[in-house]
Amino acid sequence: MKEEYLSYNNVALNEKFPPIDFTVTGELVEKYITALNLDGDFYRELGEVPSSLIDRCARLPQLLRKLLPAGTIHARQYNEFIGNVKVGDTIRSIARISDKYIKKERVYIVIEVVSVGGDGKIINIAQSTIILPDEIGDGGKDCV
């Protein structure tokens, strides 16, 4: 199967991507704490997982479902951490194209990722706005 680049014309508004499930393991948490040089003792005492780990493991894989063309700009990111996560929890991330538009001759795509815990409660809502390179050389005029 040939990989497809993300473009204005190959995604639909409200298009949903298949969910991604992952389990938060102690090993995953330790690697994350070490990579970011966080105070691991603080999180171990709480018995909780750094909220940003959920964003890393849920949002990024969803964003990378389609290849991002060279020249893509990450313009904006929004994260709302709603619930706590513990080691052993299974997280499901569900993504959709929540908006796409052309502004000042630039092509924008907004991808929203909602992550839910095993109990079905929302734990994280993230939105990433990216500006795609001008594929056609017309400032996006061919996209509408």
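**Strand order, hairpins and cores in a predicted model**

At 45% relative accessibility, Ile 73 counts as partly exposed. This residue lies in strand 2, and in the predicted model described here the contacts of Ile 73, once neighbours within four places in sequence are set aside, are with Thr 129, Ile 130 and Ile 131. The C-alpha atoms of Ile 73 and Leu 132 are separated by 6.5 Å, although the two residues are 59 residues apart along the chain. Contacts of this kind can be set against the chain as a whole, where residues 24 or more positions apart account for 71% of the contacts with a separation of 6 or more.

The protein chain contains 3 helices and 5 strands, which follow one another along the sequence in the pattern β-α-α-α-β-β-β-β. Of the 144 residues in the chain, 38% are buried. The 5 strands form an open sheet in the order 1-3-4-5-2, with antiparallel pairing. At its edges are strand 1 (16–23) and strand 2 (73–81), each of which pairs on one side only. Direction ignored, neighbouring strands of this sheet are turned against each other by 20 degrees on average.

The pairing can be followed across the sheet from strand 1. Strand 1 and strand 3 are joined in the antiparallel sense over 6 bridges, and within this pairing Ile 20 has Ser 93 of strand 3 as its bridge partner. Strand 3 (residues 90–103) in turn pairs with strand 4 over 11 bridges, again in the antiparallel sense, and here Lys 100 stands opposite Ile 109 of strand 4. These two strands form a hairpin with 2 residues between them, and in the turn Lys 104 has a positive phi of about 50 degrees. On the other side, strand 4 pairs with strand 5 (residues 122–132) in the antiparallel sense over 10 bridges, with Val 114 placed opposite Ile 125 in strand 5. The hairpin of strand 4 and strand 5 has 5 residues between the strands, and Gly 120 takes a positive phi near 85 degrees there.

Strand 4 (residues 106–116) is largely enclosed by the rest of the structure, because 10 of its 11 residues are buried. Ser 115, which has its place in this strand, counts as buried at 0% relative accessibility, the cut-off for burial being under 20%. Apart from neighbours within four places in sequence, Ser 115 is in contact with Ile 54, Ala 58, Ile 91, Arg 92, Ser 93, Lys 121, Ile 122, Ile 123 and Asn 124.

The side chains of Tyr and Lys residues give further detail around the hairpin of strand 3 and strand 4. A search of the whole structure finds 1 aromatic pair. In this pair the rings of Tyr 101 and Tyr 108 have their centres 4.8 Å apart and their planes at 10 degrees, so the arrangement is classed as stacked, for which the planes must be under 30 degrees apart. The two residues differ in their burial class, since Tyr 101 is partly exposed, with a relative accessible area of 23%, whereas Tyr 108 counts as buried at 11% relative accessibility. Lys 100, already placed opposite Ile 109 in strand 4, has its charged end over the ring of Tyr 8, at 4.3 Å from the ring centre.

Nonpolar residues form separate cores in the model. The largest nonpolar core has 13 residues, and those with the most contacts inside it are Phe 22, Val 24, Leu 53, Ile 54, Val 85 and Ile 91. Helix 1 (26–35) and helix 3 (51–63) are the elements that give two or more residues to this core, and helix 3 gives the most, with 4 residues. Apart from this core lies another, of 12 residues, among them Tyr 8, Val 11, Ile 111 and Val 113. In the largest core, Val 24 is one of the residues with the most contacts; not counting residues up to four places away in sequence, Val 24 touches Val 29, Val 49, Leu 53, Ile 54, Val 85, Lys 86, Val 87, Gly 88, Asp 89 and Ile 91. Ile 54 and Ile 91, which are contacts of Val 24, are also among the residues in contact with Ser 115 of strand 4. In the other core, Tyr 8 is one of the members, and the ring of Tyr 8 is the one over which the charged end of Lys 100 sits.

Notes
Residues are numbered from 1 along each chain as its sequence is written. This is a predicted model: local features need pLDDT of at least 70, side-chain atom pairs count only at pLDDT 80 or more; totals for chains, interfaces and linings use all residues. Side-chain values use heavy atoms; hydrogens and water are left out. Rings of Phe, Tyr and Trp (its six-membered ring) pair if their centres lie within 6.5 Å; planes under 30 degrees apart count as stacked, over 60 as edge-to-face and the rest as tilted. Buried means under 20% relative accessible area, exposed over 50%, partly exposed in between (1.4 Å probe, protein chains only). A charge sits over a ring if NZ of Lys or CZ of Arg is within 6 Å of the ring centre and within 35 degrees of the ring normal. Two strands pair if DSSP finds at least two bridges between them. Contact means heavy atoms within 4.5 Å. Axes are lines fitted to C-alpha atoms, for helices over the stretch in contact, and angles run from 0 to 180 degrees between N-to-C directions. A nonpolar core is a set of buried Ala, Val, Leu, Ile, Met, Phe, Trp, Tyr and Cys residues joined through side-chain atoms within 4.5 Å.
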